Amino acid sequence: MKKRILLMIGLAIMVMMLAGCTEVNKPITSESTGFWNEYIVYPLSLLIITISDFLGDYGLGIIAVTILIRLAILPLMIKQTKSSKAMQAIQPEMKALREKYSSKDAATQQKLQQETMALFQKYGVNPLAGCFPLLIQMPILIGFYHAISRTTEISNHNFLWFDLGDPDPFYILPIIAGITTFIQQKITMVGMDTNPTMAAQMTMMLYIMPIMIVVFAINFPAALSLYWVVGNIFMIIQTYFIKGPDLKKAAAGNAGGAKKK
């Protein structure tokens, strides 16, 4: 049942992403039609334009709106982090249950599911609590991405050393985007008690994702790179405060290991 629910959530996210990607090259205006355009992309585009006009700079406008969006979904991110930590806390007991009911016959697997659900109820853990925030925030973040790429006013302005509508000519933003992506993923992994297989997968993504971001950012308008950099920096600060105890514990462990040497 759990796998089916997760599959449905994954399909919903995929449909939302594909729905937005079909018009990625079409400018967004007040005349754009469709639920995605009218209620997500255009309002975000209008917000970028309004704040940019108020600040007198589209680069500052993108930075401001990126921070506002991140602040808006911050409660969801905190809830997602707490849910993940709660799931990690009961991993030893879940492992014991899997070992106890290791047989693959239907009756044993049904008993395993019952015992697992009882464990969730005992500790007040919702295994899907971490998925719902992701389902809610993905349309917002993808919509913001589209609002930047499809707002024609952005391409007519520059910020610092680059034109917002063209790729960064010195590749500085793409490199910073890659570095901040790596740092953000690295501190997110701190304190996570995962099995060797999952740990290997996470380590692989730790290096693959920054490389992908750099490659994309080199070819995308600098406005999108700016969005990635600001969003990553916000996420790093956010994760640092949310996972403060885990980060301090890891730092203390590393310091203790260094002293022993």
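## A friendly tour of the model

L160 counts as exposed because its relative accessibility is 63%, and exposed means over 50%. This is a predicted model, and L160 is one of several residues worth finding in it. L160 sits in the loop between β1 (158-159) and β2 (162-163). Below, we start with backbone angles, then visit the nonpolar cores, a surface patch and a salt bridge.

**Backbone angles in two loops**

- Most residues other than glycine have a negative phi.
- L160 is not a glycine, yet its phi is positive, at about 55°.
- Y171 is not a glycine either, and it has a positive phi of about 60°.
- You can find Y171 in the loop between β2 and α8.
- Y171 has a relative accessibility of 44%, so it counts as partly exposed.

**The nonpolar cores**

- The largest nonpolar core is made of 37 residues.
- Those with the most contacts inside this core are I48, I62, F144, I148, I154, L164 and Y227.
- Six helices are listed as giving two or more residues to the core: α2 (35-55), α3 (58-72), α7 (131-150), α8 (172-189), α9 (196-219) and α10 (222-242).
- Helix α10 supplies the largest share of this core, with nine residues.
- To see how the core is joined up, try I148: leaving aside residues up to four places away in sequence, I148 touches I48, I62, I154, A223, L224 and Y227.
- There is also a second, separate core of nine residues, and M87, I90, L97 and L112 are among them.

**A nonpolar patch on the surface**

- Nonpolar residues also appear on the surface: M204, M205, I208, I211, M212, V215 and F216 make a patch of about 600 Å².
- One of these residues, I208, lies in helix α9.
- With a relative accessible area of 32%, I208 is partly exposed, because that value falls between the 20% limit for buried and the 50% limit for exposed.

**The salt bridge**

- The structure has one salt bridge.
- Its partners are the side chains of E115 and K111, which meet at 3.6 Å, N to O.
- Both E115 and K111 belong to helix α6 (residues 106-123), where they are four residues apart, about one turn of the helix.
- E115 has 26% relative accessibility, so it counts as partly exposed.
- K111 is partly exposed too, with a relative accessible area of 35%.

Technical notes:
Residues are numbered from 1 along each chain as its sequence is written. This is a predicted model: local features need pLDDT of at least 70, side-chain atom pairs count only at pLDDT 80 or more; totals for chains, interfaces and linings use all residues. Side-chain values use heavy atoms; hydrogens and water are left out. A nonpolar core is a set of buried Ala, Val, Leu, Ile, Met, Phe, Trp, Tyr and Cys residues joined through side-chain atoms within 4.5 Å. Buried means under 20% relative accessible area, exposed over 50%, partly exposed in between (1.4 Å probe, protein chains only). Contact means heavy atoms within 4.5 Å. Patches are made of residues with over 30% relative accessible area and no salt bridge: like charges are joined within 9 Å, nonpolar side chains (Val, Leu, Ile, Met, Phe, Trp, Tyr) within 5 Å. Accessible areas come from the Shrake-Rupley method with a 1.4 Å probe; for residues, only the protein chains shown count as cover. A salt bridge is a side-chain nitrogen of Lys or Arg within 4 Å of a carboxyl oxygen of Asp or Glu.
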